[in-house]
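Here's a quick tour of how the nonpolar and aromatic side chains pack in this one. Have a look at the model first.

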Amino acid sequence: MPRGADRRNTAHNIFLKFHRHTAKSMKDLEIEEESEDEDQEFESTPQAEPNSPFEMFHHVMKTGVIYASSRAAKHGFSMLSEDWANMGQGAPETGPLPGAPTRDFHMNIQDAELEYAPTTGDTELRVKVAEYYNHLYRQEKESKYTYENVCIVPGGRAGLTRVMAALGNIQVGYFTPDYTAYQQALGLFMRISPSPVLHRNVHEALLPSEDFAFEAGGRGLGAMLLSNPANPTGQSLEGDELDAYVKIARDLNCCLLMDEFYSHYYYDGENVSPEDGGADDDSNWPKTVSSAKYIDDVNEDPVVIVNGLTKNWRCPGFRVCWLVAPKPIVEMLGSAGSFLDGGANAPLQKLALPLMDLDFIRRDTWALQRHFKMKRDFLLTELPKIGITVKWEPTATFYIWADLSALPAPINDCLCFLEECVKHNVICVPGVFFDINPREIRHLKQSKCINFVRFSYGPPMRNLTKGVEEMGKMISYWRKNQMTSSDYARTSM
């Protein structure tokens, strides 16, 4: 099991980065030589390493999923292999679901669709997106979205990058833990100053609206970036609390940047599924949540919604997503797209049109919720049996924020846990990657996420059953062979 001869490599340096609290000196854990031919993960300097032939580039750290996948690749992982339990995957299974409507993905590309699409997107698709929000969330509102409130973008991260590029000289608040890619998005443009918003009560999954008002007003935030429902915890701001967040943003003129990519993945709705006797028509929708419901004026309230086909429609490969915002902001986002990404794929925007039919969305979401709730419930039942607890039971998303504290050392440490998982053909994402720290603005002696991992139940069920089985074997071994995480890092990372 140990690989004691290995020297400074990706895993070892990530361990050093997040274990300042365990070493009397960083030199206690450092190893001088280098032997692995792999990407180096040094965060102490923004420049490339001195021995790199490309010193003109700065080091770009891997996001959590990519880091976990790269560690698995060292042990033979392939996306095509069925021998692996990929519970790190930040995407849903894409195949047909039981009871879901069929999807026709045949294409006949017209000559005109070979041209660039507008940087704000295909008008027909923009109209469909606006109708979706108006029908689900704004039927009782006088102010309605139009296509001019919608900007189609080539993926959610591209959309967030457009937003960050368009922001002025402001502070942008963020929570931890939250989506790992926010670290890069918040650190990329020097006009914005990332500002961590802390919970007064660390045992609360969500920041109460009165605390948000205190933090946003006291810091003078110009914007607040958050995922809702939250990645990785699966918790959701909704109802009066979400209404209050929107009102606070309106009153303080603080732009809410709402990442709503998991807004169809809810498991606590009151309506009855058609398969269980509920009506199969427009009167009976599954539970979904969006801040769009609480906006007074779509062209005045400072709220930008990010969503798309990636998660809720289970088409991550399309790279077709959208930003919904006041018309003046959409115009700026279109301008940003002209120099950042050039716009979304034109033929796939046409292919997406049937997916935006309201009856399709209703039926597909019912099937999605039934299927993913079954997978969620499996993990909630099985993980405690092998000693892994769940801090907050997820009501949404397809993630579980799992607590390793009760496991034996060293696998109560998320980085050691991953290293052992990949030896058993299991992938998860270490919690430290969700403790986002853009530009290293926080001096962290110890990450509050060191004892957590994120498990995804996005992939097919076989990944979950195999993953639990293999992790059970791994945990049993370490109950009899404990060692400190520092010793493990010296010998096995």
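## Around M471

Skipping neighbours within four places in sequence, M471 is in contact (heavy atoms within 4.5 Å) with M87, L383, I386, I388, F417, C421, V426 and F455. Keep in mind that this is a predicted model: local features need pLDDT of at least 70, side-chain atom pairs count only at pLDDT 80 or more, and totals for chains, interfaces and linings use all residues. Residues are numbered from 1 along each chain as its sequence is written, and side-chain values use heavy atoms, leaving out hydrogens and water.

## Two cores

M471 also belongs to the largest nonpolar core, which has 85 residues; I388, F417, F455 and M471 have the most contacts inside it. Such a core is a set of buried Ala, Val, Leu, Ile, Met, Phe, Trp, Tyr and Cys residues joined through side-chain atoms within 4.5 Å, with buried meaning under 20% relative accessible area (1.4 Å probe, protein chains only). Helix α11 (residues 414–423) gives this core its largest share, 7 residues.

A second, separate core has 52 residues, L237, M258, V298 and C315 among them.

## Rings and charges

Y265 and F372 make an aromatic pair (ring centres within 6.5 Å), set edge-to-face (planes over 60 degrees apart) at 5.1 Å centre to centre and 85° between the planes. Both Y265 and F372 are buried.

F372 has a charge over its ring too (NZ of Lys or CZ of Arg within 6 Å of the ring centre and within 35 degrees of the ring normal): the charged end of K375 sits 3.9 Å from the centre.

Note on methods: Rings of Phe, Tyr and Trp (its six-membered ring) pair if their centres lie within 6.5 Å; planes under 30 degrees apart count as stacked, over 60 as edge-to-face and the rest as tilted. Buried means under 20% relative accessible area, exposed over 50%, partly exposed in between (1.4 Å probe, protein chains only). Helices (H or I, at least four residues) and strands (E, at least two) are DSSP runs, numbered from the N terminus.
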